[in-house]
Amino acid sequence: MVDQAAILDSDIVDGLSVRYLKIFGLWQVINDYRTTGKRNAILKFKVIATLLLTAPYIFFQYLSYWMIEVDIQKATFLNLQSLPALQICCKVLLLWFRIDSQCRLYDLVKKDFIRIPKAKEQVAKDIFSKMTSECNRLCSAAFLINASMVILNIVDPGISVDYIMYHTGNMHAITTGRKKIFGGWYPLPIDKYPYYEAIFVYEILLILWGGIFLAVYVCLFYQVLMCLYAQFSVLALHVSTLKCSSVDGDNETGYSSSNLYKELYEVIQEHQKILR
């Protein structure tokens, strides 16, 4: 993908914030791939770190069905506990294997991605402004909610080690045993020193990494979708006003059909650009 230029701050739709992508290195990942066609060291580190952190946890959760006593309630609980780790794995692997498509899609964040007649620029700016405001607000909310949940789980872990190792049924009925962050089983005496402490530190790293980067990947994909929506909205506005202009022009100002066809052809070209 070396035929693509890096996206500069001046190229981005006015008001759209990509600060979260910049802070966590994904903006550099996108621009490096666009200009060199290669996955940079930041992306490689993220993929390796994600797999090293999440793969053991996922494996042990599904192995636990055969290693400890479970009923339907406990099995469901263990299965649900593994889903966030699976989700972050899927997102980072999707970015790795589909990075070419993702980087091409980021053309949509450019304010001049489609050509807009000067007479309609202000209306287009209003559409983009509304989109960027909503997008920025939702991305910030994703970070705030995820960060709050991460901090709450670290400060106040609520899953009893005794329940994981020895009990079934209602988890909240078990009040004994030390508390841990995740409801995960490990092939270790997790209620004893130093295994409990080591696992607690591991789960802190896991929830910090997974919780924060889930929000980052939400921004990564959500911003593109919102920009796609905005670009189609601007194009739809252009088409709708062309219809009105053609009627008024033919009746009052002599607006020629050849000019209308020319503008329609340009609209179709812009539409095809978005679809590609």
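Okay, so the mean pLDDT of this protein chain is 86, and 87% of its residues reach 70 or more; pLDDT is the predictor's confidence in each residue, from 0 to 100. It's a predicted model, so local features need pLDDT of at least 70 and side-chain atom pairs count only at 80 or more, while totals for chains, interfaces and linings use all residues. Residues are numbered from 1 along each chain as its sequence is written, and side-chain values use heavy atoms, with hydrogens and water left out.

The weak stretch first. Over residues 244-255 pLDDT stays under 50, and there the model has 10 contacts beyond four places in sequence, a contact being heavy atoms within 4.5 Å.

Now the pocket. The largest one holds about 400 Å³ of space. It has 19 lining residues, and nearest its centre are Pro84, Met149, Asn153, Phe182 and Ile207. Helices H3 (41-63), H4 (72-97), H6 (121-155) and H8 (195-253) are the elements that each give two or more residues to that lining; helices here are DSSP runs of H or I, at least four residues, numbered from the N terminus. By class, the pocket lining is 13 nonpolar, six polar and no charged. Nonpolar covers Ala, Val, Leu, Ile, Met, Phe, Trp, Tyr, Cys and Pro, charged is Asp, Glu, Lys and Arg, and the others, Gly among them, are polar.

For the terms: on a 1 Å grid over the protein atoms alone, a pocket is an open set of points with protein on both sides within 12 Å along at least five of seven lines, a cavity is a set where a 1.4 Å probe fits but cannot get out, and lining residues have an atom within 4 Å of a point. Points are joined across faces, edges and corners, and the volume is the space filled by probe spheres set on them.

There's one cavity of 30 Å³ or more, at about 50 Å³. Its lining includes Ile114, Arg115, Lys120 and His238, and splits into six nonpolar, one polar and two charged residues.

On to the N-terminal side. Ile12 sits in the segment before helix H1 (19-23). Is Ile12 buried or exposed? Buried, with a relative accessible area of 6%, where buried means under 20%, exposed over 50% and partly exposed in between, using a 1.4 Å probe and protein chains only. Beyond its neighbours within four places, Ile12 contacts Ile7, Val18, Trp27, Val109 and Lys111. Trp27 is also one of the buried residues of helix H2 (residues 26-36). After H2 comes Gly37, with a positive phi near 75 degrees.
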